[in-house]
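Visitor: I am new to this structure and should be grateful for a close look at a single part of it. Would you please take me through the surroundings of the ligand?

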Amino acid sequence: MALILAIETSCDETSVSVVSNKDGIYRIHSNIIASQVKDHSIWGGVVPELAARKHLELIPSVYEQALKEAKYDINQIDSIASTVAPGLIGCLRIGSIFARTLCLIHSKPFLGVHHLEGHLSSIFFSKDYPKPPYLVLLVSGGHTELIKVGEKKEMLRIGRSYDDAAGEAFDKVGRLLGLGYPGGPAIEKAANNGDSFRYDLPKCKISDKKGGFLKYDFSFSGLKTAVLRLVERLKDSEENIPVSDIAASFQRVVAEVLVERSINCATDYKLNDLVVVGGVAANFMLRKMMIEKAYEKSIKVHLAPLSLCTDNAAMIGAAALSRLSLGDFQSPLNLGVAARLPIDQAMCLYDQNPPF
Ligand code: KG4
Ligand code: ZN
């Protein structure tokens, strides 16, 4: 059995987890998440400097709690992993320095993990996770990507958002409807009482220079602007803003776009398994619509467990465990952190000459 202590501090959750893998069965022994949502909500979004300070304040106790709940001693841990890219630089630094210091003190191997590979690996905690190759729709606050995972864990990005990520659109629309931060869960709640077909909002596409449209890419900023214009128009005509109907119409359009493009992509690439991960994967309408539409095309949908859709350290541990199941992966202790790193370059984190 391989036992990992993992740390996630790339945005506004301070999380430490102990996870294991025995013969392909991934287990969570503890997964402590200290959310900073309340600290940031008054500002309407994450304040990077504030988030980094909070991580520094919270990480020692979250670490103690994770070991205590897992009933393991640090000496029993095989390797230590932390998110090193992409994310907010100051935030990544706190988790990564904490992890590398533990490695130095306790003589443990260190694995730097790509945050998106972490999201992708949250699926290993579901009972029947698929064998590669498969397609992943990764929908979070910072990314909307379609990624093909190959047999040796090669990751090929097939599609992406050219502007806002889906979660970012939820957050911006949530703010302009006065629903607070984070927008995703607030819009979902408001949409429950709304008419999702009341407003016809645009499904934006990216033009292909060769003509037509890029089939697997996304754009959500036009949709957000359409909601803004709709709200302005309603305010000008002094009508009450039907927040629930707007939220429901917006949520339907986002779900339809994500579902249509993911299923077309899986069909075109002849992939029978479709994995959905990331914060927005917690959205019930998206989950339901994806299962129904994929079924019509004989595609099997694998949804990340609800509690592991948003940022957490267990998924970071799963990414490290899955690397270790493929070979002797280890990062140098002088590996730094990076705000950006495409997922298909995640292998560079295990180069003995660190890329940053
Ligand atoms: O994966 P995540 O925790 O952080 C990033 O790596 O970005 O995702 C956070 C995002 C936020 O934009 C939040 O509004 C969105 O996920 N989100 C949701 C839901 N829960 C969280 N979006 C739609 N419906 C939800 N239920
Ligand atoms: Zn994330």
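**The surroundings of ligand 1**

Guide: A backbone N or O atom of G142 lies 3.2 Å from an oxygen atom of ligand 1. That distance, like every other value in this account, is computed from a predicted model. The residue before it in the numbering, G141, also takes part: a polar atom of the G141 backbone is 2.7 Å from an oxygen atom of ligand 1. With H119 the contact involves the side chain, where an N or O atom is 3.1 Å from an oxygen atom of the ligand. Of the accessible area of 550 Å² that ligand 1 has on its own, the protein covers 89%.

The wider setting may be described next. The space that ligand 1 takes is the largest pocket. Three elements each give two or more residues to the shell around the ligand, namely α4 (115-121), α5 (166-176) and α6 (183-191). Of these, α6 provides the largest share, with 4 residues. Around ligand 1 there are 20 residues, of which H119, G141, D171, E188 and D311 come nearest. Sorted by class, the shell comprises 11 polar, 6 nonpolar and 3 charged residues. Both domain 1 (2-121 + 311-350) and domain 2 (130-303) contribute, each with at least three residues in the shell.

Some features of the backbone complete the account. Most peptide bonds are trans, and most residues other than glycine have a negative phi. A cis peptide bond, with omega about 5°, joins P132 and P133. P133 is placed in the loop between α4 and β6 (134-139), and α4 is one of the elements already named for the shell around ligand 1. Another cis peptide bond runs from A85 to P86, with omega near -20°. The location of P86 is the loop between β4 (79-85) and α3 (89-106). As to phi, K153 is a residue other than glycine with a positive value, near 70°. K153 belongs to the loop that lies between β7 (144-149) and β8 (155-160).

Terms used:
Residues numbered from 1 in each chain as written. Chains lettered and ligands numbered in written order. Predicted model: local features only at pLDDT ≥ 70, side-chain atom pairs only at ≥ 80, totals over all residues. Heavy atoms only, no water. Near = heavy atom within 4 Å. Polar contact = N/O pair within 3.5 Å; in protein donor to acceptor, adjacent residues only side chain to side chain. Areas by Shrake-Rupley, 256 points an atom, 1.4 Å probe, with all protein chains shown as cover. 1 Å grid on protein atoms, 1.4 Å probe; cavity = no way out; pocket = protein on both sides within 12 Å on 5 of 7 lines; lining within 4 Å. Sits in = over half its atoms within 2 Å of the grid points. Nonpolar A, V, L, I, M, F, W, Y, C, P; charged D, E, K, R; others polar. Domains from an automatic or database assignment.
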